[in-house]
Amino acid sequence: MTSLPIIPLPQKAVLTGGVFHLSTHTHILCDEGARAEGQYLAAALCRGIGSVVSLNAALPRSAPGIQLRINTDCEALGSEGYHLSVTREGVSLHAAARAGLFYGIQTLLQLLPSSVYSPGGLEIGECSIACVEIEDHPRFGWRGAMLDVARHFLPPQSVLKFIDLLALHKMNILHLHLTDDQGWRIEIKKYPRLTSVGGMRAKTLVGRALANPADDNFDPVSQRFDGVAYGGYYTQEQAREIVAYAAARHITVVPEIEMPGHAQAAIAAYPFLGCGDEPLEVSPRWGIHNALYKPTEHALEFLRDVLVEVMEIFPSPYIHIGGDEAIKTLWQNSPECQALKNALGLRDEEALQSYVIGRMDDFLTRQGRLLIGWDEILAGGLSPGAVVMSWRGEQGGVEAARQGHDVVMAPDRFTYFDYYQSEDRDAEPLAFSELLTLPTVYGYEPVPTDLPAEYAHHVLGAQCQLWSEYMPNADQLEYMAFPRLSALAEVTWSSRERDYSDFLERLRFHLTRLDALSVNYRPIALP
Ligand code: TNX
């Protein structure tokens, strides 16, 4: 191996020869400011070794041990960077801020045998750490993953496990897609029917989504359903626990409330929100739906009320309002929507969508938050602070950055982890029909080549999307997420100069960590 088995690859790492032996006498020494990270490290070591590693804030700096320190000398490495030095005498980890210490700890744990990740798995006698000097910092500030908990719900315990896996990979954003046509997954006190009605569907499509009911070739007879009621949602208390657990791991949870489309579950719960005359059910099938919020003051007030409660739970500076795939037919056919459009002097339904997004943007901005949405929100103009998530390729991202918006790259061809991982689809569990292989993820470059350099700083980073139509449970989610997420971690953290075959060598070792953590990753043949 040309480099240490660390994923994501650090910016600079030099082996200096010799080892440091960790023993039951090793202390973790920390500054007051590093105490939380010291406790995290102590807990991780105690879990792995199955015995006590003591944390001591009072010992002199010269004492042997693992020293964690907030150090302004490290400011050049940024708030997420760190300097890790392992010598025969001890370990010192310095960073300008807590996040940097946290990432340094992740690296330190990766310098130990993989068994450190399994409870009681590590013998104290095996705890030797190669002497090394590492200076590291991330390339991008947005290193994310999106969980679609709407199509299939992920129980809180599984979300916490996923958060730990993000932390292992030094990722810092968990985007929760909380609402969609097939389910509403977050308790909103003012509107209890969102979860009591919108959180439950009567049945679920078996197999692949067929065409849209709106399409000519739609054949309702050939759609099969399982006949089993399906539901689930996070109480506000559970959501707060998830947020706190993530925050302790320097991960921001970005909530998404979809609008104006992908709204069928909400409309099923509160029909006044919709614009059709027919009552709607929480959708049991996949694919794009026609249901959308009616852009009246009444519906906008509902959306604001929802966002108020969402903002109380999620301190994230970014609030995601969806914005994708809103079919406008119902607006076109509704006399009330047409009257509204005309009264507002709007040209067409696209302008009506951008009016809705604009109202939400004003509202969120006044609350001190930033609106983020899928790239469709670009149509019609956006407020300066709004952030665009580019999913339909890279063009939305390029366009938004040129207009001065920050962007998060999420192009489907490189970041949709619901796509198949191999050409041999018959050998794979059912997935979305497209293909996205590990080398393709690894080769992804978040700064689009056709984006002029002066706008490159608008690219905050990238994230993967785990759309869950075909991920009914945590096992399948992990199968689709790993090892592709390990590749994406490297895309967003490491320098552009890296090598796929070197990654695969490190991955061989990394998979033993995932084994120790009982992750159901997709097995791959390694050279
Ligand atoms: C498009 S990407 C969607 C999702 C689907 C996904 C399936 C986006 C913003 N919308 O609703 O789950 O494709 O790959």
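The shell around the ligand divides into 5 nonpolar, 1 polar and 5 charged residues. Since this is a predicted model, please read the values below as computed from that model.

**The ligand and its surroundings**

Who makes up the shell? Aromatic names come up several times: Trp374, Trp391, Tyr416, Phe432 and Trp467 are among the residues that surround the ligand. The acidic side is represented by Asp324, Glu325, Asp418 and Glu469, while Arg151 and His262 also belong to the surroundings.

Three of these residues are worth a look for their polar side-chain atoms, listed here with the ligand atom that each one faces.

| Residue | Ligand atom | Distance |
|---|---|---|
| Arg151 | oxygen | 2.8 Å |
| Asp324 | nitrogen | 2.8 Å |
| Asp418 | oxygen | 2.6 Å |

On its own, the ligand has 360 Å² of accessible area, and the protein covers 95% of that.

**The cavity**

If you are also curious about enclosed space, the structure holds 1 cavity of 30 Å³ or more. The largest cavity contains about 70 Å³ of space. Its lining includes Leu147, Asp148 and Val149, along with His152, Phe153 and Leu154. Further along the chain, Ser468, Met471, Pro472, Asn473, Ala474 and Leu477 also line this cavity. Two elements, β8 (142-148) and α14 (474-481), each give two or more residues to the lining.

By class, the lining of the largest cavity has 8 nonpolar, 3 polar and 1 charged residues, whereas the ligand shell has 5 nonpolar, 1 polar and 5 charged.

How values were computed. Residues are numbered from 1 along each chain as its sequence is written. This is a predicted model: local features need pLDDT of at least 70, side-chain atom pairs count only at pLDDT 80 or more; totals for chains, interfaces and linings use all residues. Side-chain values use heavy atoms; hydrogens and water are left out. A residue is near a molecule or strand if one of its heavy atoms lies within 4 Å of it. A polar contact is a pair of N or O atoms within 3.5 Å; within protein, one must be able to donate a hydrogen and the other to accept it, and residues adjacent in sequence count only if both atoms are side-chain atoms. Accessible areas come from the Shrake-Rupley method with a 1.4 Å probe; for residues, only the protein chains shown count as cover. Ala, Val, Leu, Ile, Met, Phe, Trp, Tyr, Cys and Pro count as nonpolar, Asp, Glu, Lys and Arg as charged, and the others, Gly among them, as polar. On a 1 Å grid over the protein atoms alone, a cavity is a set of points where a 1.4 Å probe fits but cannot get out, and a pocket is an open set with protein on both sides within 12 Å along at least five of seven lines; lining residues have an atom within 4 Å of a point. Grid points are joined across faces, edges and corners, and a volume is the space filled by probe spheres set on the points. Helices (H or I, at least four residues) and strands (E, at least two) are DSSP runs, numbered from the N terminus.
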